[in-house]
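The following exercises concern salt bridges and model confidence. Each task is followed by a solution in steps.

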Amino acid sequence: MTSSGKQIKAVWAGPRAAVESAAALMNEALDPAPYAVGVRAAVEGDDEGGWLLEAYLADKNAAFAVERSMGAMTQAWATLSAPTLEDIPEQDWVATSLEGLGVVEAGRFVLYGVHDADNVAPSSGQIPIRIDANQAFGTGHHPTTKGCLELLDRFQGLAPQSILDLGCGSGVLTIAAAKLWGRRALGVDVDPTSVTIARENARLNGVQDAVAIVEGDGFENDTVRAAAPFDFVFANILAGPLVGLAKDMAARVRPFGRIMLAGMMADQEEGVRDAYERLGFRTINRLADDAWPILLLVREER
C-alpha cells in the first residue's frame with residue numbers, strides 16, 4: 001500500500017508481553033485503509049523494556065489515530081512509551097513486511113507467500129495454501145489464524161456439508177476448509193478489498209470453483225442467509241462481535257453443527273463462551289494460548 005503523502009515509521013517501546021499483544025491486535029483489528037501500512041514487532045535488550053513495536057503509517061495524523069484506537073482496545077497499550085516518529089520514503093510496506101514472514105506450518109497446513117513459493121515442498125499429507133495478503137487481513141502468521149488451522153487439523157467426524165467463514169479476511173480458513181474437506185465453502189467479509197483479495201487467493205490455490213466469497217455484514221448478507229443453516233462456521237473476529245453474533249449463530253447453525261470462535265483475548269474468553277453456552281452450545285475442544293485461545297463448540301439439539 002502506498003500513500004499520497006510522506007509516510008512515517010512510529011516506534012513504541014515496552015515490556016515483551018505488551019508489545020506482542022499490541023502488535024497482534026494491531027494486525028488483527030485495525031483497518032489498514034486509513035492508516036496502517038504495516039506493522040512488526042522486534043526485540044532489543046531485556047524483556048522488561050527492550051521490545052519495540054514498529055508501525056509504518058500513512059502520515060503523522062495516523063499515529064494519533066492508532067494511539068486512540070489501540071488505547072480503547074487493550075489495557076496493555078498504556079504500558080508502552082510515547083511513540084517516536086520518523087519520516088520514511090514512500091514504498092509498499094505490506095510487500096516489505098511479507099518478505100520476512102516465512103512459511104507457517106499448522107498441523108497439516110503449510111502457508112506461504114509468493115516470496116517463499118520456491119522454498120515450499122509439502123510432504124505427503126500436507127495441505128499447501130498460498131496466501132498473498134496484500135491489503136487484507138490474514139497471512140496465517142497471526143496466532144488466531146494459525147491456531148484455527150491447528151484446531152481444524154484435529155477435527156474428527158464427517159466432513160460438514162455447509163461451511164461459512166465469517167469475516168474471512170484474505171480467505172485462509174475458507175480455502176483451508178475447501179481443501180481439507182473437498183466441500184464448497186462460503187466466506188463473507190464487510191471489507192471490499194478483503195473480498196477481492198480472498199477471491200484471488202482462492203484462484204491461486206485452485207479452489208475458485210469450490211469457494212464463494214461475498215461482501216456483506218455477516219448473517220445480514222442475502223447469500224449467507226440463503227445458504228443457512230450451516231454445519232460448520234468459522235468466526236475469527238473480535239470478542240465484542242463474537243458475543244453479538246451468538247443469537248444469529250444459534251438460529252443459523254444446525255443441531256450438532258460446530259462453530260470455531262477466535263479473535264478473543266484470554267481475559268475475554270469466559271464472556272464469549274458464556275454467551276454461546278446460554279444459547280445451547282457446548283464447548284468440545286479448545287486450543288490453549290496465553291493471549292489468544294481458540295474455542296470449538298457444538299450446538300446441542302433442543
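**Exercise 1.** In this predicted model, determine how Glu 269 and Arg 286 are paired, and which elements the pair connects.

*Solution.* Step 1: the closest N and O atoms of Glu 269 and Arg 286 are 2.7 Å apart, and the two residues form a salt bridge. Step 2: Glu 269 belongs to helix α10 (residues 269-277) and Arg 286 to strand β13 (residues 281-287), so the pair ties together parts 17 residues apart in sequence. Step 3: buried means under 20% relative accessible area; Glu 269, at 8%, therefore counts as buried. Arg 286, at 38%, counts as partly exposed. Step 4: the pair also belongs to a network of salt bridges that links Glu 269, Arg 273 and Arg 286.

**Exercise 2.** Establish where the partners Glu 300 and Arg 282 lie along the chain, and classify each by accessibility.

*Solution.* Step 1: a salt bridge joins the side chains of Glu 300 and Arg 282, with an N to O distance of 2.4 Å. Step 2: Arg 282 is in strand β13, whereas Glu 300 is in the segment after β14 (294-299); the pair, 18 residues apart, links distant parts of the chain. Step 3: Glu 300 has a relative accessible area of 35% and is partly exposed. Arg 282 is likewise partly exposed, at 41%.

**Exercise 3.** Analyse the pair Asp 248 and Arg 252: which element holds both residues, and is each buried or partly exposed?

*Solution.* Step 1: Asp 248 and Arg 252 form a salt bridge in which the closest N and O atoms are 2.8 Å apart. Step 2: both residues lie in helix α9 (residues 246-252), with a spacing of four residues, about one turn of the helix. Step 3: the cut-off for buried is under 20%; Arg 252 has 16% relative accessibility, so Arg 252 counts as buried. Asp 248, at 22%, is partly exposed. Step 4: for the wider setting, the count of salt bridges comes to 10.

**Exercise 4.** Which elements have the lowest and the highest mean pLDDT, and what applies to residues 1-5?

*Solution.* Step 1: the chain has a mean pLDDT of 82, and 79% of its residues reach 70 or more. Step 2: among the elements, the lowest mean pLDDT (50) is that of helix α3 (residues 93-99), and the highest (98) is that of strand β8 (residues 163-166). Step 3: the pLDDT is below 50 over residues 1-5, a stretch with 19 contacts in the model beyond near neighbours in sequence. Step 4: where pLDDT is low, predicted coordinates should not be read in detail.

How values were computed:
Residues are numbered from 1 along each chain as its sequence is written. This is a predicted model: local features need pLDDT of at least 70, side-chain atom pairs count only at pLDDT 80 or more; totals for chains, interfaces and linings use all residues. Side-chain values use heavy atoms; hydrogens and water are left out. A salt bridge is a side-chain nitrogen of Lys or Arg within 4 Å of a carboxyl oxygen of Asp or Glu. Helices (H or I, at least four residues) and strands (E, at least two) are DSSP runs, numbered from the N terminus. Buried means under 20% relative accessible area, exposed over 50%, partly exposed in between (1.4 Å probe, protein chains only). pLDDT is the predictor's confidence in each residue, from 0 to 100. Contact means heavy atoms within 4.5 Å.
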